[in-house]
Amino acid sequence: MDDRRWLMKGSRRWLFSALAIFSVIGASHLHAQGLVKVPFPYSVVNYSSLPWMIAKDAGLFRKYELDVDLVFMGSSSLIVQSMLSGSVPVAGVAGPAVISSVVSGGDVVTVANLAPLTIALMVKPTIEKPEDLRGKKIGVPRLGAVAHFAIRMILDRHGIKDATILQMGSQPEAAAGMRRDAIDGAMISLPLNYVLAKEGFRELVGPQDYRRLGIQFISQGISARRSFAAKNRDVVVRLMKATMEGIKLMSTQENLAKRILSKYTRQTDPESLDRAYRFGLETLNKDPTIPREAIVSMVRLMADLGLVDRLAATNTPPESFYDNSFVDEMKRTGFLRDLWK
């Protein structure tokens with residue numbers, strides 16, 4: 001299938017809606033009650049976004065004099081388009097959408113690495129091995145987002161060319177599609193994948209399998225426009241500090257973290273929430289440095305899969321996709337060292 005076709009069809013109305021939202025919110029220079037107002041869209045509702053949810057609900061953003069509007073948008077590519085329009089200066093997004101933008105000349109860069117690729121491929125119990133995916137229908141929340149990229153890599157690694165990838169709208173909708181037999185598998189994150197496992201569905205490819213398949217990936221992070229970050233460096237650093245304090249609070253306030261996770265994910269099953277919480281503790285990075293080798297690997301994989309122009313990708317220096325200077329500043333000032341004492 002043509003991975004770019006979605007850009008010409010369904011994404012326009014989502015982009016227009018997003019721009020309407022952020023035109024009301026305004027630019028990040030607007031001040032409310034002495035706080036810098038920052039619109040902050042993010043693309044997934046799971047444990048990897050929990051640091052921002054905690055920072056919002058526990059007042060950590062306000063501690064750093066930021067009034068952050070968390071807005072779930074469901075698509076990394078849509079978020080990046082909003083950033084390029086000037087409506088969004090910084091966002092909870094990383095991965096293929098940033099790389100596609102930079103290869104095409106955009107100025108969005110990743111400034112913090114929060115989590116590797118952990119989304120699971122959940123399938124019907126009759127599918128026992130990757131080869132059984134031939135001719136099957138697999139759901140992803142949105143074409144062009146992390147889950148789409150992940151399933152493309154999984155299929156490519158196993159030489160499967162005839163599986164159909166369908167856009168479902170969201171992970172809950174993808175799960176519902178599996179339950180009613182509309183699709184044979186879906187890319188599902190925690191804690192919803194645990195719910196499906198309890199219902200009898202099988203995890204065919206999990207987080208532990210990506211390393212074995214030679215897949216290095218940054219699935220969650222913070223990205224910013226270079227032009228904004230150059231003029232508002234302190235805002236970006238403060239937002240990153242609040243995020244890291246969110247991870248710290250997550251590790252010390254289990255009940256609070258689970259309560260906030262349940263609020264945003266709308267999951268109430270105690271076992272699923274507990275597993276998602278503990279997985280987050282194991283997975284989220286205490287050091288958000290962006291590994292150069294992960295960026296190089298992601299660019300190469302996207303070129304191999306035809307998701308970016310190979311020549312343009314080859315001619316783009318890896319450093320064009322990320323900026324570790326903000327993390328370096330937090331290390332130099334002792335913030336990260338003191339945070340994790």
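## Pockets, a cavity and two sheets

Sorted by class, the residues that line the largest pocket come to 16 nonpolar, 14 polar and 2 charged. That makes a good starting point for a walk through this structure, which is a predicted model.

How much space lies in the largest pocket? About 550 Å³. The pocket is lined by 32 residues, and the closest to its centre are Ser43, Val44, Val45, Phe72 and Gln171. The elements that give two or more residues to this lining are helix 7 (146–157), helix 8 (171–179), strand 11 (218–225) and helix 13 (254–265). Keep helix 7, helix 8 and strand 11 in mind, as we will meet them again below.

Now for the enclosed space. The structure holds 1 cavity of 30 Å³ or more, and about 40 Å³ of space lies in the largest cavity. Its lining is made up of Ala94, Gly95, Val98, Ile99, Thr110, Ile218, Ile295, Met298 and Phe321. Helix 6 (96–103) and helix 15 (292–304) are the elements that give two or more residues to that lining. Here is how the two spaces look side by side:

| Space | Volume | Nonpolar lining residues | Polar lining residues | Charged lining residues |
|---|---|---|---|---|
| Largest pocket | about 550 Å³ | 16 | 14 | 2 |
| Largest cavity | about 40 Å³ | 7 | 2 | none |

Let us turn to the sheets, beginning with the one that contains strand 11. Strands of a sheet pair through backbone hydrogen bonds, and the pairing can be parallel or antiparallel. This open sheet has 3 strands in the order 4-11-5, and its pairing is antiparallel. Strand 4 and strand 5 are the edge strands, each pairing on one side only. Strand 4 (residues 90–91) joins strand 11 over 2 bridges, while 7 bridges link strand 5 (residues 108–116) to strand 11. Which residue of strand 11 is the bridge partner of Ala91? It is Ser223. Ser223 is also the bridge partner of Thr110, and Thr110 is one of the residues lining the largest cavity. Is strand 11 mostly covered or mostly exposed? It is mostly covered, with 8 of its 8 residues buried.

The other open sheet has 5 strands in the order 8-7-9-6-10, with mixed pairing. Strand 8 (164–167) and strand 10 (202–205) stand at its edges with a single partner strand each, so one side of each has no neighbour in the sheet. On average, neighbouring strands here are turned by 35° against each other, direction ignored. Looking inside the sheet, strand 6 (residues 120–123) and strand 9 (residues 185–188) pair in the antiparallel sense over 4 bridges, and Leu121 stands opposite Met187 in strand 9.

Two of the pocket-lining helices also meet this sheet. Helix 7 packs on it, touching strand 6, strand 7 (137–140), strand 8, strand 9 and strand 10. The direction of helix 7 makes about 150° with that of strand 7. Helix 8 lies across strand 6 and strand 9, and runs at about 155° to strand 9. To tie things together, helix 7 and helix 8 each give two or more residues to the lining of the largest pocket, and strand 11 from the sheet of 3 strands does so too.

Methods. Residues are numbered from 1 along each chain as its sequence is written. This is a predicted model: local features need pLDDT of at least 70, side-chain atom pairs count only at pLDDT 80 or more; totals for chains, interfaces and linings use all residues. Side-chain values use heavy atoms; hydrogens and water are left out. On a 1 Å grid over the protein atoms alone, a cavity is a set of points where a 1.4 Å probe fits but cannot get out, and a pocket is an open set with protein on both sides within 12 Å along at least five of seven lines; lining residues have an atom within 4 Å of a point. Grid points are joined across faces, edges and corners, and a volume is the space filled by probe spheres set on the points. Ala, Val, Leu, Ile, Met, Phe, Trp, Tyr, Cys and Pro count as nonpolar, Asp, Glu, Lys and Arg as charged, and the others, Gly among them, as polar. Buried means under 20% relative accessible area, exposed over 50%, partly exposed in between (1.4 Å probe, protein chains only). Two strands pair if DSSP finds at least two bridges between them. Axes are lines fitted to C-alpha atoms, for helices over the stretch in contact, and angles run from 0 to 180 degrees between N-to-C directions. Contact means heavy atoms within 4.5 Å.
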